[in-house]
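Colleague: Could you take a close look at one strand pairing for me, then follow it out to whatever surrounds it? I'd like one connected account, with cut-offs as you go.

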Amino acid sequence: MNPAVSTPRPLALAISCVLVLPWCYASANDAMLLEVTKPLAHPLDTSVQSSPSALELLRAATHDTASLLRDIPGMSLYGAGGVSSLPAIRGLADDRVRIKVDGMDLIAACPNHMNPPLSYVDPSQLAVLKVYAGIAPVSVGGDSIGGTIVAERAAPEFALPGEAALARTEIGAFYRSNNRAVGTHLSTRYATDTLSLDYSGAWSQADNYKAGGDFKSFVDTGRPGHTLARDEVGSTAYETQNHALGIAFKLDENLFDVRFSYQDMPEQLFPNQRMDLLENTQKLVNASWSRPFEWGSMEARVYHEQVDHFMDFGADKRFWYGTLSGAGNPCDPIRFHGDPAGTCAAGMPMYSESDNTGVSLSADVNVNDRQVLRVGADLQRYRLDDYWTASGGGMGPGTFLNINNGQRDRAAVYGEVETRHNAAWTSLMGVRYERVEMDADPVQGYAAANMPGNQLAESEAFNAQSRSQTDHNLDLALLARYQHSPGLDIELGLARKVRSPNLYERYTWSTWPMAATMNNFVGDGNGYIGSIDLKPETAYTASATFDWHAEDRRWSVAATPFYTHVDNYIDAVRRPGWSENQFNVLQYSNQSARLYGIDLSMQLPLMANAWGNWGLNSVVNYTEGKNRDTGDALYNIMPLNGRFTLTHQLQGWDNALEWIVVDDKSSGSAVRNEISTSGYSLVNLRASHTWNQVRLDFGIENLFDRYYVLPTGGAYTGQGRTMAINGIPWGIGVPGMGRSAYVGVKVQF
């Protein structure tokens with residue numbers, strides 16, 4: 001036995017066995033007798049990954065990275081800004097889904113979640129995008145109940161030993177007609193056999209988009225002289241740029257990789273929020289080390305992220321308020337509430353500043369040809385300040401502290417064992433423990449006295465409470481795959497998953513409608529306040545996947561029924577003054593919920609002839625969600641929907657004709673006054689041609705210019721007097737984009 005191998009291997013096995021004691025086949029003593037083994041053959045990977053060809057076809061059609069998930073079973077999107085959709089897995093969205101970007105846990109630092117993790121990765125920078133739906137192994141899960149999304153940029157690439165250095169560059173650009181979106185990207189790489197340097201950058205901007213027809217009866221924006229056409233979806237413009245510099249080098253078997261990222265987003269307007277993003281800056285460093293061993297592999301990572309986020313009213317929303325502004329005219333000087341000369345307010349500036357530091361360590365240990373153990377630990381330290389400076393009227397003369405020094409720290413350890421029992425059965429069993437500690441400092445309203453909205457009394461009541469909270473969360477996951485025959489695989493899963501509340505769910509405190517409506521990350525137009533005593537959500541999920549396929553997987557048909565029961569589901573409850581058919585102030589509260597449904601997918605070759613290779617891909621999703629305490633429907637559940645794509649390849653051509661069908665949404669969350677939507681169908685046409693070094697993409701989205709309302713797009717708050725909770729019409733959903741032609745080109749050399 002190799003002495004260099006025998007020392008670390010028993011230690012790793014011992015740690016693994018402590019974490020997964022009931023399921024460990026080999027003890028630390030046995031490890032001394034084991035020879036070095038090969039990795040497990042046919043690992044149990046429950047993720048679904050977007051194919052490279054599908055990603056390429058979609059990159060020119062969208063600048064919203066989350067929308068690249070549209071073809072994965074069980075996925076839907078909460079509508080938001082043009083580059084910030086919130087992905088949902090089987091009805092569970094946003095913070096209920098763990099999103100790992102290049103191995104990091106990033107957090108939306110905004111009371112409206114305008115800067116979710118995927119908004120920091122441009123579609124042109126993405127190399128891997130995969131989803132663990134519902135039941136994620138504990139090695140990739142944690143602090144989530146809906147599943148895990150993994151997004152990764154391209155891994156470092158090196159020249160072969162003794163060969164010349166690699167040098168590659170790619171330049172691309174696109175244009176989309178509906179919202180006059182334009183963008184460009186550049187990536188370049190230089191690598192020897194031990195050093196790899198790469199840079200990628202992307203920039204894009206867009207105007208408001210047009211719906212497939214008129215959807216509103218008014219044109220005013222609250223800004224004198226500025227109107228919007230009845231088919232123009234206000235507050236959908238954006239501009240953003242992302243840059244990433246990577247440096248990697250090899251030292252023997254060690255790989256060191258450091259990446260620096262920077263985002264500058266000067267504007268992203270939101271049609272379903274009362275505020276708009278008017279500056280977002282992210283600075284990020286991400287360093288990792290990895291090494292293979294004869295007994296397995298290890299990886300360590302440390303990262304630090306700083307986000308500076310600023311919101312106010314964008315161009316399509318009223319900016320000037322107060323008695324001296326009249327119908328939204330500029331006024332001077334700024335005057336505050338109680339001034340006998342009147343009031344004058346210039347917008348409502350809101351700032352969020354966050355620091356996010358994380359450390360992770362993981363190891364894969366090959367026990368034998370049939371078994372692998374995975375162990376790891378994660379640490380995360382998160383700090384958030386959310387404050388609103390004085391601007392006039394009721395906003396001042398001091399600073400409103402929405403969240404003051406919010407703290408959310410996680411410490412986790414996990415272990416899982418994957419075993420190939422025989423030719424038919426493979427299992428994956430794991431346990432994960434997380435300690436989540438949260439706290440926040442005392443808050444204040446805009447002034448110490450004479451304040452609207454009962455700010456003084458509510459801030460004092462909040463400050464008098466004990467705000468320190470500690471949660472002890474335990475995740476369990478059991479997955480099994482049974483190869484019934486060469487043409488049928490069956491995967492079964494059971495899991496217990498736990499998520500602690502986020503800072504906004506626990507520590508937002510003001511019921512003043514003007515303040516409460518600024519705290520909303522679901523886009524329904526309502527206001528929200530937190531509850532310090534919220535308990536973690538605990539989800540129990542069972543699922544099964546039946547996968548029929550050809551032996552060479554030329555065709556496949558899969559069905560996944562699932563059921564999830566959630567204890568302490570964080571839902572909204574009514575407060576005094578609640579009314580139907582209007583926007584209200586709601587409060588977060590623990591409830592009981594259940595979700596169930598089925599995901600269907602199919603890949604089928606149709607024919608191959610002189611005209612090319614033809615195929616049919618389809619995805620059908622159905623999810624039902626219910627609050628078991630109230631009988632109410634859960635909010636923003638995507639209705640029954642299907643996506644059917646006719647594919648065609650011929651020499652350098654890669655084309656697709658897509659038909660999307662969505663059922664109507666007649667019942668929704670009554671407590672949120674969720675808006676009903678009608679069913680619709682859309683047709684998208686995509687085509688591309690690739691030469692040696694050039695790729696051209698073009699197509700038409702919504703070919704027949706159909707008008708439709710997004711079922712999970714929320715309430716339209718994109719124009720007008722949005723500061724007043726019911727100063728804008730209620731009952732208008734956010735429509736989808738009308739017909740839009742696009743073209744994209746990229747050149748590699």
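Modeller: Happy to! Arg98 has its bridge partner in β8, namely Thr148. Before going on, a word on the basis: this is a predicted model, in which local features need pLDDT of at least 70 and side-chain atom pairs count only at pLDDT 80 or more, while totals for chains, interfaces and linings use all residues. Residues are numbered from 1 along each chain as its sequence is written, and side-chain values use heavy atoms, with hydrogens and water left out.

The bridge of Arg98 and Thr148 belongs to a parallel pairing of β5 (residues 97–101) with β8 (residues 147–153), which runs over five bridges. Strands here are DSSP runs of E, at least two residues, and helices are runs of H or I, at least four, numbered from the N terminus; strands pair if DSSP finds at least two bridges between them. Stepping back, β5 and β8 sit in an open sheet of five strands with mixed pairing, in the order β1-β7-β8-β5-β6. The edges are taken by β1 (48–49) and β6 (104–105), each with a single partner strand, so one side of each has no neighbour in the sheet.

Strand β5 also leads us to a void. Along with β3 (86–89), β21 (371–388), β22 (400–420) and α6 (503–507), β5 supplies at least two residues of the lining of the second largest cavity. A cavity is a set of points on a 1 Å grid over the protein atoms alone where a 1.4 Å probe fits but cannot get out, and lining residues have an atom within 4 Å of a point. This second largest cavity holds about 350 Å³ of space, a volume being the space filled by probe spheres set on the grid points, which are joined across faces, edges and corners. It is lined by 26 residues, and those closest to its centre are Asp95, Leu106, Ile107, Asp143 and Arg408. Between β21 and β22, two of the lining strands, the loop contains Pro397, and the peptide bond from Gly396 to Pro397 is cis, with omega near 10°.

How many cavities of 30 Å³ or more does the whole structure have? The search finds ten, and the largest has a volume of about 1,200 Å³. Its lining has 49 residues, of which Ser67, Arg70, Leu77, Tyr708 and Leu710 are the closest to the centre. Strand β2 gives the largest share of that lining, four residues. Other elements that supply at least two residues to the lining of the largest cavity include β32 (653–662), β33 (680–690) and β35 (740–748).

Those three strands turn up again around helix α4: the cover over its buried residues (contact being heavy atoms within 4.5 Å) includes β32, β33 and β35, as well as β34 (694–701), β9 (166–176) and β7 (126–133). Strand β7 brings us back to the sheet, where β7 stands between β1 and β8 in the strand order. In α4 (residues 52–59), the buried residues, meaning under 20% relative accessible area with a 1.4 Å probe and protein chains only, are Leu55, Glu56, Leu57, Leu58 and Arg59. So from the bridge of Arg98 and Thr148, you can trace one route through β5 to the second largest cavity, and another through the sheet to β7 and the cover of α4.

Definitions and conventions:
On a 1 Å grid over the protein atoms alone, a cavity is a set of points where a 1.4 Å probe fits but cannot get out, and a pocket is an open set with protein on both sides within 12 Å along at least five of seven lines; lining residues have an atom within 4 Å of a point. Buried means under 20% relative accessible area, exposed over 50%, partly exposed in between (1.4 Å probe, protein chains only).
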